[in-house]
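Colleague: Before I use this model, I would like to go through the words you attach to it and hear what stands behind each of them.

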Amino acid sequence: MSTVDITGVTLVADLSGALFWEEQRLLVVSDLHLEKGSSFAARGVLLPPYDTAATLTRLAAVIMRHDPRMVIALGDSFHDRSAHHRLSAPDRGVIAVLQARRDWIWISGNHDPASPSGLGGTVASEVSIGPIIFRHEPTGAAGEIAGHLHPKARVATRGRSMERRCFACDGERAVMPAFGAYAGGLNIRDAAFAKIFGTPGFMAHVLGDRRLHSIASSRCY
């Protein structure tokens, strides 16, 4: 089990890309980008239309693993403003089952600023619990857990290059990896991360095949 510390709060960093705050029984995921495949198809870019089902299957597995009391989805849960209307009946059913007996909060993102119709849960721009604030776009504030940037890290291993999604964290703030099956990524050496962390001394907690690998961002390229 891997953990990350944010302003003195210890959270489990799940290999799926979720965070679990055991004391609060709170699970956090970011950037599901549900219905990205159908969004691209509408513009003539044909992708296999299975991204929503794949993402929800992974989400169901991590919820079963941790049995949270509350789930916070950190924005861009839907790929565009009308994506929630395109959800199939089976996918809506899966979401309903996952929400049952749990508090569920949809944080508004830049892709999905409006409330998703016909789905459970509540919508908020941000949520504060103790010293931690959950929001979509990172500002660099202490205690912040955010998404939006889809961090990924490129590292050299055994004579070859590997690029994987990762948590970016410096002990005071964290940016979560995108959870969605079709979500892309932004290299942590991009200037956008320097603006958030102010220094290249933060850590990349890289999602490996069997465990997380904690690597100084300065060792990534």
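Modeller: What follows takes the sheet, a helix face, the aromatic pairs and one arginine in turn, and the model is a predicted one.

Colleague: What makes β1 and β7 the edges of the sheet?

Modeller: The open sheet has 7 strands in the order β1-β2-β3-β4-β5-β6-β7, with mixed pairing. β1 (2-6) and β7 (122-124) each have a single partner strand, so one side of each is left without a neighbour in the sheet. Across this sheet, neighbouring strands are turned by 25° against each other on average, direction ignored.

Colleague: How do you know that β6 and β7 pair, and in which sense?

Modeller: Two strands count as paired if there are at least two bridges between them. Strand β6, residues 103-107, and β7 have 3 bridges in the parallel sense, so the pairing criterion is satisfied. Within this pair of strands, I105 stands opposite T122 in β7.

Colleague: Which strands does helix α2 lie across?

Modeller: Helix α2, residues 51-66, lies across β2 (9-13), β3 (19-21), β4 (26-29), β5 (70-73) and β6, and it runs at about 160° to β4.

Colleague: Why do you say that the buried residues of α3 line one face of the helix?

Modeller: The buried residues of helix α3 (residues 89-99) are D91, I95, L98 and Q99. Seen down the axis of α3, they fall within an arc of 100°, so they line one face of the helix. On the other side of α3, A89, P90 and V97 are exposed, while the cover over the buried residues includes α2 and β6. After α3 comes R101, with a positive phi near 65°.

Colleague: Why is the pair of W104 and W106 called tilted?

Modeller: A pair of aromatic rings is described by the distance of the centres and the angle of the planes. The structure holds 4 aromatic pairs, and one of them is that of W104 and W106, with 5.6 Å centre to centre and 55° between the planes. The cut-offs are 6.5 Å for the centres, under 30 degrees for stacked and over 60 for edge-to-face, with the rest counted as tilted; the pair of W104 and W106 is therefore tilted. W104 and W106 also form one aromatic cluster together with F78.

Colleague: What makes F197 and F202 a stacked pair?

Modeller: F197 and F202 lie 4.2 Å apart centre to centre, with 20° between the planes. Planes under 30 degrees apart count as stacked, so that is the word for F197 and F202.

Colleague: How do you know whether W104, W106, F197 and F202 are buried or exposed?

Modeller: Buried means under 20% relative accessible area. W104 has 5%, W106 has 4%, F197 has 7% and F202 has 3%, so each of these four counts as buried.

Colleague: Why do you describe the charged end of R58 as sitting over a ring, and which ring is it?

Modeller: The charged end of R58 sits over the ring of F179, 4.1 Å from its centre; the distance limit is 6 Å, and the direction has to be within 35 degrees of the ring normal. R58 is found in helix α2, and, leaving aside its neighbours within four places in sequence, R58 is in contact with S16 and F179.

Colleague: What makes R58 partly exposed?

Modeller: R58 has a relative accessible area of 31%, and partly exposed is the range between 20% and 50%, so R58 is given that label.

Conventions. Residues are numbered from 1 along each chain as its sequence is written. This is a predicted model: local features need pLDDT of at least 70, side-chain atom pairs count only at pLDDT 80 or more; totals for chains, interfaces and linings use all residues. Side-chain values use heavy atoms; hydrogens and water are left out. Helices (H or I, at least four residues) and strands (E, at least two) are DSSP runs, numbered from the N terminus. Axes are lines fitted to C-alpha atoms, for helices over the stretch in contact, and angles run from 0 to 180 degrees between N-to-C directions. Contact means heavy atoms within 4.5 Å. Rings of Phe, Tyr and Trp (its six-membered ring) pair if their centres lie within 6.5 Å; planes under 30 degrees apart count as stacked, over 60 as edge-to-face and the rest as tilted. Buried means under 20% relative accessible area, exposed over 50%, partly exposed in between (1.4 Å probe, protein chains only). The arc is that of the directions from the helix axis to the C-beta atoms.
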